[in-house]
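Hi,

Here is the structure I promised to pass on. Have a look at it first, and then read my notes below.

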Amino acid sequence: MLSAIPAASQIRFGETSTSGTGTISSGYTANFGNMTGSSHGWTVGGAASFSGSFHSPNFISYNFSPYLNQSSANSSFQSISNASGLNLSANIFAGSKFPGSITYSKAYNSEGNYAVPGIADYVTHGNNDTFGINWSENLPDAPSFSAGFQSGSSQYSVYGTNDNGENSFHSLNLHSGYRWEGFNMGAYYATGSAHSLIPQVVAGPNAEIRSDNTAYGGNLSHMLPLAGSFSVGINRSTWNSDYLGISSTGAIDTVNADAAVHPTAKLAITATANYSDNLTGQIIESVIAAGSVVPGLNSDQSSNSLDLMAVASYTPVSNLQTSGFVERRTQSFLGEDYGVTSYGGGATYTHALFDGTINSSVSVSANSADQNGQDTIGFSAAENYSNRIFGWRVNESFSYAQNVQTLLITYMNSYYNFSGNISRNWGMFSLSAGGGVARTALTDQAGTSNSSETYNGSFGYGAYITATGSYSKSDGQALATGTGLVGVPVPSPILPSSLVSLFGGKSYSFGMSSSPTKRLTLAATYGKATSNTISNGIPSDNENSQYNALLQYQVRKLNFISGYARLEQGFSVTGTQPEVISSYYMGISRWFNFF
């Protein structure tokens, strides 16, 4: 019956032109688990994509992609549950001076993730939607203008718990620019709000976060003699946040200015100045931008910061650039005054090496603090190299830093990063491997480090077989937000201990796919992660494993599909056994070129 349905390549309704393709499927589905009731029956699903235009693509163009009952057991869709939804986008007046766009998406019963840095994420499921609209005006000899509005929401539950989470946001952005008598002028206005309900398994007692923020400002720039330029910007931002009934409000005014000249083709001199009348507010806004809040910091207490810097850069030869700088920073924070004077220099070098290319840089700085008179030496170095050696493609990079300044004068950061990968092809056979190691921590501050390790490899032989594998490990500090654990954006000792979560864990995965014949495809993946977290003094040992297998055989436009998906996830803090969910599917699908 499916093969008897007629299909046309394209359809037109007046000035509307539309094309569409998709698949329609039907088959037997069985779902079972240890914490949910079992179910089975015959399901109908599919996915499609429709695109077209009205009048012309430069007038209105659109794309509409609905899907129904898609999962990793019956398709390539990455969801253990049968997800349904749609994605819609449209471009309006794309070929004019008033272009705009609209996007919308909606998903039901879809698998999601609660992020954990460096390892496999916690698996969630729920509903979500997003909406966005953008418009701009670009008239010659007139101020430019653009506006954008975005909103979204999600409601989810975490497998292996009875915990629910929520996220919602909306934002409005306005920008304008104008060029007059050689001056480039710009202005902006932005406002938004966000709400998150963090699952109890992540943050201890259910944590609810609300925040509102507004920012506006302007900038001005102009060319200077000696092939130079200058710019100045003035900005004001306000926030209002609430965390477990504790509110925080405040405002920040900042002024930024810079100027640069090139006395010669090889010499450049730059000066910058940055002032903030509320340093505490900058810390709070950095945390809010990451998705959390900072109860306990008093933004009404006087605080400010001033940063003055001068840099001279000289390029003696085309592949070598040198520089020297002097910087003065002063800050008033939590009733204390701080100051530091820094000076130093560095060099960047690029050159061919053994038929490859190496890029390297090094810098050294001396820092003298006013308050305690202590002097520190800062050092950083970085390099990356790429080459083809005996048929192998080789890439690697390394960076190291000691005593790098942070947002606050009183804290310095140190880190190292290394990564590399190699790959090679022998006809139809391919092989690759890679890895990376990273660590960062506040200097002389125990318990503030974050570290990670990642390793991966793959091999393949044409379409006959492809195999992949990976391993990762990480630990450190993070903030609990509505979308996951995120790195702490400011020195963690200044934050309340109840706000900072500790995490650690490791994960590994491997997968294999094969097309032994032209019409047969086999694929399977497995991944497992174990982790531990401490939030609000509550520890939890967590585990997660997923297995997916899919078999597909094609006969003309028909596909016979059989698949199996399994998820196991648990958290010791819940006091219950891990939840196990399995799904099995066997059915048939047909591809259509609808019109």
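Arg 556 takes a positive phi near 55° in the hairpin of β28 and β29, which has 2 residues between the strands. Strands here are DSSP runs of E with at least two residues, helices are runs of H or I with at least four, and both are numbered from the N terminus. Two strands pair if DSSP finds at least two bridges between them. This is a predicted model, where local features need pLDDT of at least 70 and side-chain atom pairs count only at pLDDT 80 or more, while totals for chains, interfaces and linings use all residues. Residues are numbered from 1 along each chain as its sequence is written, and side-chain values use heavy atoms, with hydrogens and water left out.

Back to that hairpin: β28 and β29 (residues 558–571) run antiparallel and are joined by 14 bridges, with Gln 546 opposite Leu 567 in β29. On its other pairing, β28 (residues 538–555) is antiparallel to β27 (residues 520–535) over 16 bridges. Ala 523 faces Leu 550 of β28 there, and Asn 536, in a hairpin with 2 residues between the strands, has a positive phi near 55°.

Next, β11 (residues 207–224) and β12 (residues 228–243). They pair in the antiparallel sense over 16 bridges, and Ser 211 stands opposite Ser 241 in β12. Their hairpin has 3 residues between the strands, and Leu 226 in the turn shows a positive phi of about 60°. β12 is also joined to β13 (residues 246–261) by 15 bridges, again antiparallel.

Now the largest pocket (an open set of points on a 1 Å grid over the protein atoms alone where a 1.4 Å probe fits, with protein on both sides within 12 Å along at least five of seven lines; lining residues have an atom within 4 Å of a point). Ser 211 turns up again: it is among the residues nearest the centre, with Ala 194, Asn 213, Ile 288 and Ala 289, in a lining of 40 residues. Elements giving two or more residues to that lining include β11, β12, β13 and α2.

Finally, helix α2. Its 12 residues (279–290) should span 16 Å at 1.5 Å a residue, and the end C-alpha atoms are 17 Å apart, which agrees; the expected span is 1.5 Å times one less than the number of residues. Among its buried residues (under 20% relative accessible area, 1.4 Å probe, protein chains only) are Ile 284, Val 287 and Ile 288. Just after α2, Gly 291 has a positive phi of about 110°.

Cheers

Key: Buried means under 20% relative accessible area, exposed over 50%, partly exposed in between (1.4 Å probe, protein chains only).
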